[in-house]
Amino acid sequence: MSTTATDLADEAASDQVKLRPVVSSYVDITDRFTAEAAKIMPGQLVMMESFELVNSINALEIMDPKMDTGVLNLRSNDANFDVSAPRSPQEILYIMDELFALEMSWCTGCALSQTIYTCLYIEHLLNNFNGVQESLHFGTRASDPPSIDQNDLDQFLLHHALRSYAIGVIKTCDLMRRQLQCKGIFEEEDAVTETYGLDLLQFVSPGYILAVIEAAAFQIECKTSSSDTTQQVLTGIAQRLNLRATTLRTMMLAEAPPAMLQQLYSACIQMADTLSETHELAVAVPTAFSMAVQGRLECGMPPRPLLEMPFAKAVELYQQLQTGMSDLLRIHEYGSIGDIVSYFEHFALRLPDELPYVRSQLHQQYLKDGRLLGKTTMREAVISDITDLCSPMPSLFEIPSSHPAYAALEDFYVQAERCFESYLTVMSHNKCRLRQRLCGLILDWNALQAVAETIESSPEMVQFSLVLQGNPDDPSGGLHPLPLSSWAYYRKLKMMVWIVFLGFELDIYKLDEWPLMLWYVDYLLGITDTHFKRLETVVESMTALHQQQQQQQNTAAKKNRKKKQPQQSAQKLDYINIEAVPRTTMLLTRLRAETEIFREICRGYLCLVAVLTLAGIVNPPRGAQTSPSSSALRTSPELLYRIRLKPFGPIVAPEVPPYETYLQLSDLNNWTIPALLDNAQMSLNGAQKMVSQLNKLTRPEHLVNAKLVGESMTKTRLLLLRSCIGMNVSIMRLRQMKLVQSDGGEREVKRKVKVTIEQENYHPFFPVLVFAENEQ
Amino acid sequence: MADESSSLPPVAAYENVKEFMSVLMMVSTTDGRQFCGTLMATDRDRNLILSEASEQLPVGFQSRRGDRFRYVGMIAIPGKHILRIDASKDSLKAREMLLKGVSRGAII
């Protein structure tokens with residue numbers, strides 16, 4: 001083994017290193033071990049029986065500065081930093097603002113070791129803390145609080161203002177951390193709740209900390225300074241303490257009446273605005289923050305950089321957090337259960353994504369113990385959702401236990417509750433997880449639909465599955481209401497459409513896969529539309545049947561009155577939940593319109609992508625014909641088709657069409673580029689018109705289940721319009737380019753067109769393709 | 001048999017180092033730190049893999065952490081940085097008994 005310069009340095013150092021004496025329970029085996037190890041063959045590893053080399057992947061290499069956090073600690077000057085040294089008001093302001101920025105970094109998913117733990121003041125407080133709140137001070141020993149001269153401003157600011165602020169930050173993180181450890185939030189992805197063995201004042205009452213912060217803020221407000229700048233800084237420090245106190249209060253009063261919380265959140269947002277006025281007065285104390293803290297934490301991780309964000313960005317994030325929390329309170333204003341469900345759905349698709357803490361609160365506060373708002377059971381939510389969609393006979397949900405189908409229906413409802421709860425739970429996930437979980441959920445809903453179909457086709461359910469008249473041409477022998485399976489089918493279709501569109505939003509599909517995915521989502525939307533049409537027909541037929549029976553009963557009652565016969569008790573009209581019909585009709589109209597808009601845009605996109613394919617700008621995935629090697633099989637179009645549609649493979653209805661069908665339907669042989677561009681433009685213009693018409697439906701009765709999301713829907717439609725307009729501009733650009741049809745990719749397209757996908761300011765489901773010409 | 005065994009790699013040569021496997025060790029490095037953990041693997045250059053290891057700072061080093069041990073998890077210590085290796089007597093004895101038991105075919 002060659003001796004390197006480092007080795008020599010190490011050897012030299014080793015002579016001077018003072019080692020601890022051998023403990024009596026240990027024995028020095030250096031020589032014995034060295035001798036035995038020397039017998040090992042070169043390149044051979046001797047391992048414990050149960051150990052495998054793969055286990056050592058996470059092992060940290062000691063003395064390697066990139067891996068060993070201990071080296072950071074040994075080389076740092078942190079030990080010389082005196083936390084009890086007096087600090088000027090400007091420096092205190094700096095430390096507070098840095099802590100604020102680091103805290104917001106943590107809120108966006110960074111580790112504590114890279115954020116607030118890097119503050120040496122925080123480290124000192126946490127090291128001093130022995131479970132007793134009095135030990136939270138900047139003194140050397142936990143049991144020995146420093147004596148403070150109240151008249152010395154610098155000392156006062158350090159030991160009161162900064163101390164209480166830092167304790168407030170720790171407690172806020174503690175309260176948030178506990179909320180983040182919930183089902184809807186993913187460790188390491190959304191948030192890092194690891195505390196590295198330190199106690200974040202878990203058992204210190206937030207009330208005590210609030211009192212300490214408020215007392216400090218009050219005292220500072222009473223202090224005056226002859227210098228204008230110092231006075232401004234003091235005001236800034238008091239503002240920061242007040243903001244911290246209000247933030248803490250919002251977290252303590254999570255169960256308080258919404259109106260009160262709303263005021264607190266608004267106050268937080270307003271107060272945060274004032275921070276930037278004084279931020280510029282801060283004087284930096286860079287030594288108060290050190291990455292070497294990681295070398296002193298119980299942490300089996302390599303060193304990670306300190307993650308701070310610009311102060312303005314931190315304030316923006318803080319306001320986003322409080323706005324998100326304040327927005328959640330609107331759920332209490334719901335009119336129907338459907339409003340809450342719509343809120344959850346819109347929340348999941350919001351842009352920008354809500355912060356993990358807000359998402360955790362949606363799950364913790366509004367889906368508490370499997371109940372919406374802690375009171376509406378999942379059964380009620382399911383019944384309401386089914387009623388809104390199909391207005392079935394009310395007796396369907398009140399079947400007596402003596403009914404032969406009771407047990408089967410009960411099983412269905414239990415399964416439906418579970419599925420619906422999972423559906424609402426995934427709405428608080430991050431977008432990637434949302435898509436992933438939806439892929440799993442559609443299987444559950446597929447099974448639920450199968451159960452519903454079995455129940456609804458069973459002879460016991462004959463009273464609920466009457467054959468509706470008016471459809472003599474129906475080959476299946478008439479139209480059945482099938483409310484349960486229709487509902488499960490609708491929900492499943494909606495999730496499937498989301499999966500594909502989220503694929504576009506998350507940039508999962510490459511441009512050459514766009515034709516396939518657009519074609520597939522168009523197919524799904526077509527089926528959804530047919531399903532809505534069917535539901536509308538069912539509701540119409542049932543309503544007609546109901547009215548017919550009502551007329552008959554009225555006539556019979558009149559006859560009885562004329563004959564002065566005792567009036568017979570009216571037969572219960574139980575074809576349909578007639579009171580729910582207007583809501584269902586409005587809901588179906590809106591859903592159909594939305595589906596149609598999506599479909600039109602999809603068709604527009606499909607035509608445009610077809611143009612790109614015809615012009616040779618986008619090459620369809622090459623098949624085995626072009627390169628018959630075994631590796632080419634991995635990229636064969638059929639395999640790509642199967643891989644991309646794999647999540648939908650196990651779904652029985654709608655089944656994934658065979659590859660041949662796709663080939664047949666996506667054949668572009670009879671199309672020309674100008675015709676396709678015309679078609680694309682027509683579809684997009686059509687969609688635009690429909691969006692404008694839909695926007696005019698603003699009366700409350702038009703907005704079924706949209707009371708809480710009216711504003712969000714308007715924004716979404718605006719983005720849809722932007723996408724349409726953006727794509728129209730792209731179409732014009734393509735027309736100007738006068739593209740010619742490529743002859744199958746053999747000849748190079750003379751003009752190279754650069755395609756970029758733009759997502760910002762457009763509807764997330766419909767990113768806009770922007771074309772630029774590269775002359776060669 | 002004798003011929004066969006002579007053609008095999010000299011397994012028995014490093015058999016003795018196995019007696020240190022899974023033994024609790026205190027490894028002192030050239031910077032004065034000590035790492036206490038269970039030996040999982042080693043090689044000819046005395047590169048050690050310790051699991052569930054903790055770190056103690058050098059004697060007299062001023063740190064904000066104080067004198068406490070710090071958990072660092074699984075670590076690999078390059079042989080060139082090792083100054084001294086101490087083994088827990090109890091752990092050595094337990095390992096010895098285990099190896100004897102295995103060689104006798106006993107189930108422990």
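Below, a biologist and a modeller talk through a strand and a helix residue in a predicted model.

Biologist: What should I know before I start reading?

Modeller: Residues are numbered from 1 along each chain as its sequence is written, and chains are lettered from A in the order in which they are written. This is a predicted model, where local features need pLDDT of at least 70 and side-chain atom pairs count only at pLDDT 80 or more, while totals for chains, interfaces and linings use all residues.

Biologist: How many residues of strand β2 of chain B are buried?

Modeller: Strands (E, at least two residues) and helices (H or I, at least four) are DSSP runs, numbered from the N terminus. Buried means under 20% relative accessible area, exposed over 50%, and partly exposed in between, with a 1.4 Å probe and protein chains only. In β2(B), residues 34–43, 9 of the 10 residues are buried.

Biologist: Which strands join β2(B)?

Modeller: Two strands pair if DSSP finds at least two bridges between them. Strand β1 of chain B runs antiparallel to β2(B) with 5 bridges, and B:Leu24 stands opposite B:Thr38. Strand β3 of chain B is also antiparallel to β2(B), joined by 7 bridges; there B:Gln34 has B:Gln56 as its bridge partner. From chain A, strand β2 (residues 45–47) adds 3 antiparallel bridges, with A:Val46 opposite B:Thr42.

Biologist: What is found in the turn between β2(B) and β3(B)?

Modeller: This hairpin has 4 residues between its strands, and B:Arg46 in the turn has a positive phi of about 65°.

Biologist: And why does A:Arg642 count as exposed?

Modeller: A:Arg642, in helix α20 of chain A, counts as exposed because its relative accessibility is 52%.

How values were computed: Heavy atoms only, no water.
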